[in-house]
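Student: Could you take me closely through one part of this model? I'd like a single connected account, starting from one residue and building outward.

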Amino acid sequence: MTESNLHPTAPHLLLIGASRGIGLAMAEEFLRRQWLVTATVRGTGQTALHDLSGLYPQKLTIEQLDITQTTQLNALHKRLKGRRFDVLFINAGTSNHNQDETIAEVSTEEFTHLMITNALSPMRATEALEDLVHADGLIGIMSSGQGSIGNNTKGGKEVYRGTKAALNQYMRSYAVREAQIHPSRSLLLLAPGWIRTELGGSDAAFSLEETIPDIVSTIEGRCSKSGLEYLDRFGGVIPW
Ligand SMILES: NC(=O)c1ccc[n+]([C@@H]2O[C@H](COP(=O)([O-])OP(=O)(O)OC[C@H]3O[C@@H](n4cnc5c(N)ncnc54)[C@H](OP(=O)(O)O)[C@@H]3O)[C@@H](O)[C@H]2O)c1
């Protein structure tokens, strides 16, 4: 897929986890850039994404998905059957409440919750929804710079780091399989930078306004390349 042949009419994004934070801001930026967006929220309540649909009633479709629930994944796949997306991007993710705790201190329950949400579920969603994506389309997952083993010289955020490193490893294995089936497909693990959201916290270095245009440009730019890369929001390669 090249940027020039992204779409017959308008390119279509399937975005998982867009109720707030980075996902919500990504949905808004793609809509501004004339994409059609189908985006998911977890619950059945009103979210800021629903407010956005008032501004883009023809272009934004809202679906419901808790990424950890396989029955919901299968139901979403069934509802979307027959559609074809240029990009599937899985943004949903979480962190532990006390990000300073060590791997030995975290409760087994919280560790399991984080691993299921950040590592297992994005890969299950990828496998469940991949056939909705054009053979030469892009499948991306929101990773984190914290997931880099090579760059981990300072430690910290041990539990969260481990989940994103595991995600990266699983995506590399998926990419090996995927290369046999869809050699033209683009796969992306994206590190957005430290951004002020509920997860990033108020001390984070960057605002959504400063970072989202670069995040979206990097995804758009990556659409023309096959294979897997782990990139920062400027398109720079991050060491595994
Ligand atoms: N902010 C940063 O500095 C930063 C840095 C690196 C990577 N990231 C990654 O970027 C992504 C978005 O983070 P954020 O900062 O925007 O966090 P956020 O403001 O806390 O938003 C998290 C989003 O993920 C959704 N989500 C969480 N668990 C889910 C589940 N089980 N099923 C479906 N949706 C679920 C949330 O939905 P609800 O509203 O329903 O909870 C919300 O839309 C995450 O993958 C995160 O790890 C963030």
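**From a loop into the sheet**

Tutor: Glutamine 34 is exposed, because just 11 other C-beta atoms lie within 10 Å, and the cut-off for exposed is 12 or fewer. It sits in the loop that joins α1 to β2. Its phi is positive, about 75°, although glutamine 34 is not a glycine. Keep in mind that this is a predicted model.

Now step back along the chain from that loop, into helix α1. Packed helices are described by two values, the angle between their axes and the distance between those axes. For α1 and α2, the axes come within 10 Å and cross at roughly 10°. Angles under 35 degrees count as roughly parallel, so α1 and α2 are roughly parallel to each other. Which residues of α1 and α2 meet? From α1 come Leu24, Ala27 and Glu28; from α2 come Ala48, Leu49 and Leu52. By class, this contact of α1 with α2 holds five nonpolar residues, one charged residue and no polar residue.

Step forward from the loop instead, into strand β2. Threonine 38 has its place in this strand. Threonine 38 is buried, because it has 23 C-beta neighbours inside 10 Å and the threshold is 20 or more. Leaving aside residues up to four places away in sequence, threonine 38 touches His12, Leu14, Thr61 and Glu63. Glutamate 105 is a distant point of reference: 67 residues from threonine 38 in sequence, and 39 Å from it in space, C-alpha to C-alpha.

Next, the sheet. In general, strands of a sheet pair through backbone hydrogen bonds, either parallel or antiparallel. Here seven strands make an open sheet, ordered β3-β2-β1-β4-β5-β6-β7, and the pairing is parallel. Strands β3 (60–64) and β7 (227–232) are at the edges; each has a single partner strand, so one side of each has no neighbour in the sheet. On average, neighbouring strands of this sheet are turned by 20° against each other, ignoring direction.

Look at one pair. Strand β1 (residues 12–16) pairs with strand β4 (residues 85–90) in the parallel sense, over four bridges. Leucine 14 stands opposite leucine 88 of β4. Helices pack on this sheet too. Helix α2 (residues 48–55) touches β2 (36–41) and β3, and its direction makes about 155° with that of β3. Helix α6 (residues 208–222) packs on the sheet by touching β4, β5 (133–142), β6 (186–191) and β7. The direction of α6 makes about 160° with that of β6.

Move one strand along the order. β4 and β5 pair in the parallel sense over five bridges. Phenylalanine 85 has valine 133 in β5 as its bridge partner. Is β5 enclosed or open? Seven of its ten residues are buried, so β5 is largely enclosed by the rest of the structure.

The leucines of the β1 and β4 pair turn up again in the contacts of leucine 129. That residue belongs to helix α4 (residues 108–129). Leucine 129 counts as buried because it has 20 C-beta neighbours inside 10 Å, and 20 or more is the threshold. Not counting residues up to four places away in sequence, it touches Leu14, His77 and Leu88. Glutamine 180 lies 51 residues from leucine 129 in sequence and 18 Å from it in space, C-alpha to C-alpha.

Two lysines in loops round off the tour. Lysine 225 is in the loop between α6 and β7. With 15 other C-beta atoms within 10 Å, lysine 225 is partly exposed. Lysine 225 and aspartate 136 are 89 residues apart in sequence but 9.0 Å apart in space, C-alpha to C-alpha. Lysine 157 lies in the loop between β5 and α5 (158–181). Its phi is near 45°, a positive value in a residue other than glycine. Lysine 157 counts as partly exposed, with 18 C-beta neighbours inside 10 Å.

Last, the ligand. Around it are 27 residues, of which Gly21, Arg42, Gly93, Leu199 and Gly200 come nearest. Helix α1 (residues 21–32) gives the most to this shell, with three residues. The shell divides into 13 polar, ten nonpolar and four charged residues.

Definitions and conventions
Residues are numbered from 1 along each chain as its sequence is written. This is a predicted model: local features need pLDDT of at least 70, side-chain atom pairs count only at pLDDT 80 or more; totals for chains, interfaces and linings use all residues. A residue is near a molecule or strand if its C-beta atom, placed from the backbone, lies within 6 Å of it. Ala, Val, Leu, Ile, Met, Phe, Trp, Tyr, Cys and Pro count as nonpolar, Asp, Glu, Lys and Arg as charged, and the others, Gly among them, as polar. Two strands pair if DSSP finds at least two bridges between them. Axes are lines fitted to C-alpha atoms, for helices over the stretch in contact, and angles run from 0 to 180 degrees between N-to-C directions. Two residues are in contact if their C-beta atoms, placed from the backbone, lie within 7 Å. Angles under 35 degrees count as roughly parallel, over 145 as roughly antiparallel, 65 to 115 as roughly perpendicular and the rest as oblique.
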